[in-house]
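Please look over the sequence and the structure shown here before reading on. The notes beneath them are meant for someone meeting this structure for the first time.

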Amino acid sequence: MDKIRIRGNRPLAGTIAIGGAKNAALPLMTASLLTEETLTLCNIPYLGDISTLANLLVQHGVSIKWKGYRPNGGQDGRAVELTADDITSTTAPYDLVRRMRASVLVLGPLLARCGKARVSLPGGCAIGTRPVDLHLKGLERLGAEIELTQGYIDARAPKGLKGAEIAFPTVSVGATENLLMAASLAEGETVLVNAAREPEVADLARCLVAMGAEIEGIGTDRVTIRGKPRLHGAKHRIIPDRIETGTYLMAAAITGGDVELVGADYEPIATVARTLEGAGVEVSQTEAGLRVRRHNGRLTGVDVMTEPFPGFPTDLQAQMMALMTTAEGAAMITETIFENRFMHVPELCRMGANINVHGASAMVRGVRQLTGAPVMATDLRASVSLVLAGLAAEGETVINRVYHLDRGYERVEEKLAACGADIERLGDGS
Ligand code: EPZ
């Protein structure tokens, strides 16, 4: 299994290209199941999770062509064409779904297009129990009959789905996405109340409009969808990855560097940028994207609470915590989205951080210097937080289980090395 070795304590300087958003690309790929025509997605990132979903879609009968897609190359002109002209299977098997929870996003499209779908229940994962009850209740409101048998969701709508009002008791990105897709092929009008407002949800809605759906209220918490009997093909450009952007903002900040993030957007990351500014980081917009620099001296501790968009994203909580480990003073970091998203804490402590967890909050008391250590993590964002800590630490840090990083960060070590980091990937046996 690959590892990453970092010799830290040197500032990053240079440019980093930001890729297409993983969490936009995944639902967009499943939207291809809604039409027999070709859906072309530009700016597709090269990531483990994208390949995992592609394998699942192929299993459903989708033909997939990668364009300008070089594993080690630039992002220009990179696209994927997905054609679901003949859906050969409406079952998403356990073996594929268990590898990635986002696989459950095939449920809405398959049910709406084929009148049936059998999708393995994803089960819990490292960051929480993560049920899918909101997806299922929403689909039932659209008239689906759902049974849970032998670990599978068995959903049927032999006469098709019918529009309805669905009020979500809590905000769910995935449930909003599944219902947006299902409602696009349902008869009549669907209103989603308390819908997720994440930019990735809005990106999906814009693509569905390009495919012929009628959707109002995109990017708000009340979205109205007027379904169509059929959707058509479209070409859509995936938005830049705001979580990759935020991660590299913090990488530059933790090392006291000066980095330009090419292709990054300010608006989706505005809350994060304002929080960083409060800690002493300067984030400015440039023609090509964003520039990040640290003001002179140490950062200052700032409190952070994760919330649905436009609040501070849970997917940047671990990275923010790494940043706060060397800030002056204390920072209280509260996680409100997932119940078990502090796995990075003991690993950061092994690098010299001073963190105490009390329930959903972690009190981080800044130390002057982290020290390198062998570490590992059990999810994507926790892993990258250890990379950030390693960049700032004195001495050598070796991060195990790099496959987590590869699920969501493209060529992380190459991007950081190009900015002067002493970082390398060690293959098996190293
Ligand atoms: C998406 O997960 C993202 N994944 C996650 O990114 C992200 O952390 C999360 O949204 C929150 O922003 C993708 O987009 C592929 P939710 P999702 O449904 O859709 C509870 C990463 O690192 N809930 O908004 O699964 C749930 O348990 C990943 O890239 C229910 O109770 O998240 C959680 O506590 C990790 N019942 C909360 O809602 C449901 O039916 C929010 O989950 C659905 C969710």
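The briefing below covers the surroundings of the ligand and then the nonpolar cores.

This is a predicted model, in which local features need pLDDT of at least 70 and side-chain atom pairs count only at pLDDT 80 or more, while totals for chains, interfaces and linings use all residues. Residues are numbered from 1 along each chain as its sequence is written, and side-chain values use heavy atoms, with hydrogens and water left out.

**Around the ligand**

- The ligand is surrounded by 21 residues (those with a heavy atom within 4 Å of it), of which D133, S172, D315, I337 and R381 come nearest.
- An oxygen atom of the ligand lies 2.6 Å from a polar side-chain atom of S172, and an oxygen atom of the ligand is likewise 2.6 Å from a polar side-chain atom of D315.
- The protein buries 84% of the 830 Å² that the ligand exposes when taken alone (accessible areas by the Shrake-Rupley method with a 1.4 Å probe).
- A polar backbone atom of L134 is 2.7 Å from an oxygen atom of the ligand.

**Nonpolar cores**

- The largest nonpolar core (buried Ala, Val, Leu, Ile, Met, Phe, Trp, Tyr and Cys residues joined through side-chain atoms within 4.5 Å, buried being under 20% relative accessible area with a 1.4 Å probe, protein chains only) has 76 residues, and L180 and L208 touch the most other members.
- Apart from that core lies another, of 72 residues, among them L261, M321, A362 and A421.

Conventions: A polar contact is a pair of N or O atoms within 3.5 Å; within protein, one must be able to donate a hydrogen and the other to accept it, and residues adjacent in sequence count only if both atoms are side-chain atoms. Buried means under 20% relative accessible area, exposed over 50%, partly exposed in between (1.4 Å probe, protein chains only).
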